[in-house]
Amino acid sequence: MTAEMGSPADWHFEDFEVGQVFRTQGRTITEADIVTFAGWSWDTNPVHTDAQLAGTGRFGQPIAHGVLGISVAMGLASRLGVFERCSIALLGIDGWRFTHPVVPGDTVSCAVHITGARATSDGRAGILDRGFVLTNQDGTVVQQGAINLMVSRRPTA
């Protein structure tokens, strides 16, 4: 970010460029996160909620829900501040892959890559193509995919 752009809260479509990468802070995933997510999502699959059964399974312990990882990635990107005030609409999640389990105690962070930027057909907004890469504390990619966003253009004087 350059000084001319002001604070991230002031960003609009014109402030983004293909090739920009935004890196988030980390967030440690806890057992409580997984249990809470299971409760409100109603996804109580034993791989997430039964420590004894999960302990005998492929991963040797309960793992976080895949959609919990997406939610955390979105939340971490939100905390960057650059998308907050200019966001109009989330356009979709494409090609999302779960490449490594997230387990309690993992600290994940996210890199958001601007892979495309174009004006909408009426020119009143912009579309940001964004690649998300969620990694754990070891740098292992745990999830990745595209989450595109419609954003506001800078108001004209």
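## Exercises on a predicted single-chain model

The chain contains four helices and six strands. The structure is a predicted model.

### Exercise 1. Overall architecture

Task: State in which order the helices and strands follow each other along the sequence, and what share of the chain is buried.

Solution.
1. Along the sequence, the elements come in the order β-β-α-α-α-α-β-β-β-β.
2. The chain has 157 residues, of which 40% are buried.
3. The C-alpha trace extends over about 60 × 30 × 25 Å along its principal axes.
4. Among contacts with a separation of 6 or more, 70% join residues 24 or more positions apart.

### Exercise 2. The annotated segment

Task: Describe the secondary structure content of residues 18-120.

Solution.
1. An unreviewed UniProt entry places the feature "domain: MaoC-like" at residues 18-120.
2. Over this range, helix accounts for 33% and strand for 29% of the chain.
3. The C-alpha atoms at the two ends of the range lie 16 Å apart.

### Exercise 3. Packing of α1 against α4

Task: Determine how helices α1 and α4 are oriented to each other, and name the residues through which they meet.

Solution.
1. Two packed helices are described by the angle between their axes and by the distance between those axes.
2. For α1 (residues 31-41) and α4 (residues 66-79), the axes come within 10 Å and cross at roughly 110°.
3. Angles of 65 to 115 degrees count as roughly perpendicular, and α1 and α4 are therefore roughly perpendicular to each other.
4. From α1, Asp33, Ile34 and Phe37 take part; from α4, Val67, Leu68 and Ser71.
5. By class, this contact of α1 with α4 comprises four nonpolar residues, one polar and one charged.

### Exercise 4. The largest nonpolar core

Task: Identify the residues that touch the most other members of the largest nonpolar core, and the element that gives the most to it.

Solution.
1. The core has 30 residues, and Phe16, Phe22, Phe83, Val108 and Phe132 touch the most other members.
2. At least two residues each come from α1, α4, β4 (107-119), β5 (125-135) and β6 (141-152).
3. Helix α4 gives the most to this core, namely six residues.
4. Outside its sequence neighbours within four places, Val108 contacts residues including Ile29, Val72, Leu76, Val102, Leu134 and Val142. Gln25, Arg27 and Asn136 are also among the contacts of Val108.

### Exercise 5. The environment of Phe22

Task: Decide whether Phe22 is buried or exposed, and list its contacts beyond four places in sequence.

Solution.
1. Phe22 lies in strand β1 (residues 21-23).
2. Buried means under 20% relative accessible area; Phe22, at 12% relative accessibility, therefore counts as buried.
3. Beyond four places in sequence, Phe22 touches Trp11, Phe16, Leu80, Val82, Phe83, Cys110, Ala111, Val112 and Ile114.
4. Phe22 and Ile70 are 48 residues apart along the chain, and their C-alpha atoms are separated by 16 Å.

### Exercise 6. Trp42 and Gly66

Task: Assign Trp42 and Gly66 to an accessibility class.

Solution.
1. Trp42 is found in the loop between α1 and α2 (46-49).
2. With a relative accessible area of 75%, Trp42 is exposed.
3. The phi angle of Trp42 is near 70°, a positive value in a residue other than glycine.
4. Gly66 belongs to helix α4 and is partly exposed, its relative accessible area being 24%.
5. Not counting residues up to four places away in sequence, Gly66 touches Phe98 and Gln143.
6. Gly66 and Trp96, 30 residues apart in sequence, have a C-alpha to C-alpha distance of 9.8 Å.

Conventions. Residues numbered from 1 in each chain as written. Predicted model: local features only at pLDDT ≥ 70, side-chain atom pairs only at ≥ 80, totals over all residues. Heavy atoms only, no water. Axes fitted to C-alpha atoms, helices over the stretch in contact; angles between N-to-C directions. Parallel < 35°, antiparallel > 145°, perpendicular 65-115°, else oblique. Contact = heavy atoms within 4.5 Å. Nonpolar A, V, L, I, M, F, W, Y, C, P; charged D, E, K, R; others polar. Core = buried A, V, L, I, M, F, W, Y, C linked by side-chain atoms within 4.5 Å. Buried < 20%, exposed > 50% of the residue type's maximum accessible area, 1.4 Å probe, protein only. UniProt positions renumbered as here; feature names shortened; annotations may be inferred.
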